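Biologist: I would be grateful for a close look at one part of this structure, the nonpolar patch on its surface. Please describe which residues make the patch, and then set that part in the context of the whole chain.

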Amino acid sequence: MPYLLPALVACLAVIDWAAVAAHKTHFRYLTKPAVILALLLWLWQSSGLRGQSAWFAAGLCFSLVGDVLLIQPEKGFLPGMGAFLLAQLAYLIGFTPSLPPLNLASLALAAMLLVLVVQGYRRLAASLQASERTQFKLPLLLYMLALHAMVLSALLTLVRPDWPTWSALLVSGGALSFLLSDTLFAREHFVLPVRRGPLLIMITYHLGQALLTLGVIALYWPA
């Protein structure tokens with residue numbers, strides 16, 4: 001039954017979104033990690049955690065830890081961000097088993113993402129300074145650099161010969177959705193609240209993780 005696990009992931013994600021909308025914080029200690037556990041099971045069943053997929057499994061494990069810590073971000077923000085930093089590094093290694101192509105297009109993409117890091121960090125730093133939370137400046141900068149490096153490595157799969165087109169499109173979409181989720185999270189917690197922000201954060205986060213996982217699984221589909 002090849003559709004059982006993806007259907008389970010979707011159902012668990014919807015249950016978690018409902019818990020977010022209903023502000024059921026303690027219930028989310030069950031629903032939130034359940035989504036990542038289902039993704040891990042799906043990845044294991046589909047790939048056997050061979051080759052590159054092992055790095056993505058490691059990324060999901062670190063994400064699982066970060067998910068639990070960030071259910072109440074006022075208590076576990078820095079450890080949670082550290083767990084997600086390790087997740088981004090694991091994904092980055094999984095995307096880049098060898099050196100990425102160096103050409104005008106890849107350098108332009110890297111420059112564009114660096115501009116986004118600089119602009120985004122300047123806004124965050126100003127907000128942190130105004131709210132006297134300057135202790136978060138360096139950790140946020142390190143995380144933003146790791147996140148954007150992961151996004152860059154995912155987008156570069158579009159021009160890597162070892163990544164089939166469908167896999168590359170899926171992981172690229174997943175990385176961008178992950179970036180959107182974290183951007184919303186940073187705005188929600190450090191700049192200005194976003195309308196229905198917590199729900200949008202989780203929808204884009206789960207979509208990002210699911211697309212990343214599906215893109216890796218697609219590497220193991222028969223040619």
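Modeller: The nonpolar surface patch covers about 450 Å² and is made by Leu 114, Val 118, Leu 138, Leu 142 and Leu 145. The elements that give two or more residues to this patch are α5, residues 104-130, and α6, residues 137-156. Helix α6 gives the most, with three residues. Val 118 may serve as an example from the patch: this residue is found in helix α5, and its relative accessible area of 43% makes Val 118 partly exposed. The model is a predicted one, and this applies to every value given here.

The chain that carries the patch has eight helices and zero strands. From the N terminus on, its elements therefore read α-α-α-α-α-α-α-α. The radius of gyration is 17 Å, close to the 17 Å that the globule rule gives for 223 residues, so the chain is as compact as a globular protein of that length. Taken along the principal axes, the C-alpha atoms fill a box of roughly 55 × 45 × 25 Å. The protein chain exposes about 11,500 Å², and carbon and sulfur atoms supply 73% of that area. Buried residues make up 47% of the 223 residues. Among contacts between residues at least 6 apart in sequence, 72% join residues at least 24 apart.

Gln 88 offers a view of the buried part. This residue has its place in helix α4, residues 73-95, and counts as buried because its relative accessibility is 0%, where the limit is under 20%. Leaving aside neighbours within four places in sequence, Gln 88 is in contact with Tyr 143, Ala 146, Leu 147, Met 150, Phe 178 and Asp 182.

Phe 178, one of these contacts of Gln 88, also takes part in an aromatic pair. A search of the whole structure finds 10 aromatic pairs. In one of them, the ring centres of Phe 56 and Tyr 91 are 5.7 Å apart and the planes stand at 25 degrees, so this pair is stacked. The pair links distant parts of the chain, with Phe 56 in helix α3, residues 53-69, and Tyr 91 in helix α4, 35 residues apart. Phe 56 counts as buried at 3% relative accessibility, and Tyr 91 is buried with a relative accessible area of 2%. Phe 84 and Phe 178 form an edge-to-face pair, 6.3 Å centre to centre and with 80 degrees between the planes. Since Phe 84 lies in helix α4 and Phe 178 in helix α7, this pair ties together parts that are 94 residues apart in sequence. Both Phe 84 and Phe 178 are buried. Ring pairs also link Phe 56, Tyr 91, Phe 95 and Trp 163 into a cluster.

Phe 95, a member of that cluster, is touched by Arg 160 as well. Arg 160 has its place in the loop between α6 and α7, the latter being residues 165-191. Although Arg 160 belongs to a loop, its relative accessible area of 6% means that this residue is buried. Not counting residues up to four places away in sequence, Arg 160 touches Phe 95, Thr 96, Pro 97, Ser 98, Leu 99, Pro 100 and Pro 101.

Parts far apart along the chain also meet through Ala 10 and Ala 210: their C-alpha atoms are separated by 9.0 Å, while the two residues are 200 residues apart along the chain. Ala 10 has its place in helix α1, residues 4-21, and is partly exposed with a relative accessible area of 42%.

Two loop residues deserve attention for their backbone angles. Most residues other than glycine have a negative phi. His 23 has a positive phi of about 60 degrees although it is not a glycine. This residue has its place in the loop between α1 and α2, the latter being residues 28-47, and His 23 counts as exposed at 69% relative accessibility. For Arg 196, also not a glycine, phi is positive and near 55 degrees. Arg 196 has its place in the loop between α7 and α8, the latter being residues 197-218, and is exposed with a relative accessible area of 58%.

Definitions and conventions: Residues are numbered from 1 along each chain as its sequence is written. This is a predicted model: local features need pLDDT of at least 70, side-chain atom pairs count only at pLDDT 80 or more; totals for chains, interfaces and linings use all residues. Side-chain values use heavy atoms; hydrogens and water are left out. Patches are made of residues with over 30% relative accessible area and no salt bridge: like charges are joined within 9 Å, nonpolar side chains (Val, Leu, Ile, Met, Phe, Trp, Tyr) within 5 Å. Accessible areas come from the Shrake-Rupley method with a 1.4 Å probe; for residues, only the protein chains shown count as cover. A salt bridge is a side-chain nitrogen of Lys or Arg within 4 Å of a carboxyl oxygen of Asp or Glu. Helices (H or I, at least four residues) and strands (E, at least two) are DSSP runs, numbered from the N terminus. Buried means under 20% relative accessible area, exposed over 50%, partly exposed in between (1.4 Å probe, protein chains only). Contact means heavy atoms within 4.5 Å. The radius of gyration is taken over C-alpha atoms; the globule rule is 2.2 Å times the number of residues to the power 0.38. Rings of Phe, Tyr and Trp (its six-membered ring) pair if their centres lie within 6.5 Å; planes under 30 degrees apart count as stacked, over 60 as edge-to-face and the rest as tilted.
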